[in-house]
Amino acid sequence: QVQLVESGGGLVQPGGSLRLSCAASGIIFSINTMGWYRQAPGKQRELVATVTSGGSTNYADSVKGRFTISRDNAKNTVYLQMNSLKPEDTAVYYCNAGGVLTRLVLSDYWGQGTQVTVSS
């Protein structure tokens, strides 16, 4: 059984920074793509950033230049460094792992989410 655990969320003032972490645990042979999604109240879940096992990244236009996604393949961990935070970044941030290989089975997994609140 694969489990994703997010950490690093909290309350921060506009212009501040937070670093989110997500660690995948279990008997995992490989993970193709890891990423971050967010969902604000009353809105649909949206992609924030993704990174492949080869290091290719993709960012939502709203976070380009402010957020940086990175990955430690050896630790099956993905990070999201969030700088210059704005109130509109307030949301629950969810970790995603796609193409997870565990004993001849390919599956996608979601973390439980971590709350990020940007407010003065």
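**Strand E9 and its surroundings**

Visitor: Which residue of E11 stands opposite alanine 91?
Guide: Happy to help: this is a predicted model, where local features need pLDDT of at least 70, side-chain atom pairs count only at pLDDT 80 or more, and totals for chains, interfaces and linings use all residues. Residues are numbered from 1 along each chain as its sequence is written, and side-chain values use heavy atoms, without hydrogens and water. E9 and E11 (residues 114–118) run antiparallel, joined by three bridges; strands (E) are DSSP runs of at least two residues, numbered from the N terminus, and two of them pair if DSSP finds at least two bridges between them. Opposite alanine 91 in E11 stands valine 116.

Visitor: How many bridges pair E4 with E9?
Guide: Among the contacts is methionine 34, whose bridge partner in E9 is alanine 97. E4 covers residues 30–39, and its antiparallel pairing with E9 has a bridge count of nine.

Visitor: How many of the 11 residues of E9 are buried?
Guide: Buried means under 20% relative accessible area, exposed over 50%, and partly exposed in between (1.4 Å probe, protein chains only). E9 is largely enclosed by the rest of the structure, because its buried residues number eight.

Visitor: Is asparagine 76 buried or exposed?
Guide: Asparagine 76 sits in the loop between E7 (67–72) and E8 (77–82). Its phi is positive, near 50 degrees, though it is not a glycine. With a relative accessibility of 17%, asparagine 76 counts as buried.

Visitor: What is the relative accessibility of serine 84?
Guide: Serine 84 belongs to the loop between E8 and E9, and its phi is positive at about 50 degrees. Serine 84 counts as partly exposed because its relative accessibility is 40%.

How values were computed:
Helices (H or I, at least four residues) and strands (E, at least two) are DSSP runs, numbered from the N terminus.
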